[in-house]
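Open your viewer and get the selection tool ready. We will go from stop to stop, with a word on what to look for at each one.

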Amino acid sequence: MSTMLAAVLHDFDHLELEQVAVPRAREYGDVVVRVKSCGFCATDYKAIRGIRRNVSFPAIVGHEPSGVVSEVGPGVSHFEVGDEVIVQPLGHCGFCRHCRSGNTHYCENAFVTGGDGPEDVRPGAFAEYMLTKESCLFRKPESISFDAAAVTEPLAGAWKGVIHHSRMQVGEDVVVIGVGSIGLLCLMVAKAAGAARLVAVDVSEYARRNALSLGATHAVDPVGEDAKTRVYEMMPEGPDLVVEAAGPIEAVRLMVELRRRGTRWNVFGITTHEKFELDGGLTHFLEGRMDASFGTTPLAMSKAIRLMETGLIDTEKIISHRFPLARIGEALEVMGSAARNKVIVNP
Ligand SMILES: [Zn+2]
Ligand SMILES: [Zn+2]
């Protein structure tokens, strides 16, 4: 088998299904994975549609894969052909100062398969096979499906933001602004970690209903009602933690507005460069504390796998659509619609 089906992006809005060469594991640490499932991330959607412009063509996007090891290269000692695995999209060197301080997502020599961030972008997982490194692999527990496992990377991101950076604790009142698929994962992590009152804020009724079915105690529409007043009706003492998982600058401004003394914020969703204002003295006297979080680390990937394996979080519940790779055009349409959660592609 020397060729495979892949969705190749030749230009913005020019995605072609074609036969390309199957990658081979030739270099030290190389592993080829037969991709079974890959999450369709908003980042991939933005690359295909040209909303994100930092793409070099041709490209194969898709950076949330699970699959089976099909070939191992020289020096691979922890995995063998047939192992069921989850692939972390970011490869890190392990030697730079950031890697050695545990912040592998800051790695100065990083590469990414099918994603965004480092300069070294390699083909991703909207293809039957993908090439990665042994150091990017995690074992998929037998008890979870390949589709559920394809949600590991975004779940890891949610764990890293809510728990590792913002230190959410049992009994805290938490607001999640924006409960599309990544915000829903933040909400599920907060629920699993023992949030008391858990308020979801979203403009979409579909998203609010999903949030309520996955553990939110209340849902607020920021357009139809005054969001701050509504949140404070539900949590009169104000939130301990506000997670902005939406993207638009209005969500960041609402995050700031919801504070009371000691509230912690996490700027998690926005990736564009609009400005927001903080009152210096007020921030001082409120002891406003702001965190942010992007990407994942091996620690976060391990925690996400443990959450799924033990049933604390069932990522199947946020999968709304599944498409074979041959129907990726339909997956792309669904990604652009409001009534969807996690979309999975099965190469
Ligand atoms: Zn992603
Ligand atoms: Zn490094």
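Select C99 to begin: in this predicted model, the residue counts as buried because its relative accessibility is 10%, below the 20% cut-off. Now add C96, which is also buried, with a relative accessible area of 7%.

Next, show the zinc ion (ligand 2) together with its protein donors, the SG atoms of C93, C96, C99 and C107. These donors lie 2.3 to 2.4 Å from the zinc ion. What geometry does the site of the zinc ion (ligand 2) have? The site is tetrahedral, with angles of 102 to 117° among the 4 donor atoms. If you trace the donors along the chain, you will find the spacing C-x2-C-x2-C-x7-C.

On to the aromatic rings, where the count comes to 3 aromatic pairs. Pick F12 and F57, an edge-to-face pair with 5.0 Å from centre to centre and 85° between the planes. The two partners come from distant parts of the chain, 45 residues apart: F12 sits in the loop between β1 (3-11) and β2 (14-21), and F57 in the loop between α1 (42-49) and β4 (65-72). Try colouring this pair by accessibility. F12 is buried at a relative accessible area of 19%, whereas F57 is partly exposed at 30%.

Two more selections finish the tour. Choose R34 and Y129 to see R34 over the face of the Y129 ring, 5.5 Å from the ring centre. Then move to K228, which lies over the face of Y232 at 5.4 Å from the ring centre.

Note on methods:
Residues are numbered from 1 along each chain as its sequence is written. Chains are lettered from A and ligands numbered from 1 in the order in which they are written. This is a predicted model: local features need pLDDT of at least 70, side-chain atom pairs count only at pLDDT 80 or more; totals for chains, interfaces and linings use all residues. Side-chain values use heavy atoms; hydrogens and water are left out. Rings of Phe, Tyr and Trp (its six-membered ring) pair if their centres lie within 6.5 Å; planes under 30 degrees apart count as stacked, over 60 as edge-to-face and the rest as tilted. Helices (H or I, at least four residues) and strands (E, at least two) are DSSP runs, numbered from the N terminus. Buried means under 20% relative accessible area, exposed over 50%, partly exposed in between (1.4 Å probe, protein chains only). A charge sits over a ring if NZ of Lys or CZ of Arg is within 6 Å of the ring centre and within 35 degrees of the ring normal. Donors are N, O and S atoms within 2.8 Å of the metal (3.2 Å for Na, K and Ca); water is not among the atoms, so sites may look incomplete. Four donors count as tetrahedral if all angles lie between 85 and 135 degrees; four count as square planar and six as octahedral if opposite donors are over 155 degrees apart and all others between 65 and 115; anything else is irregular.
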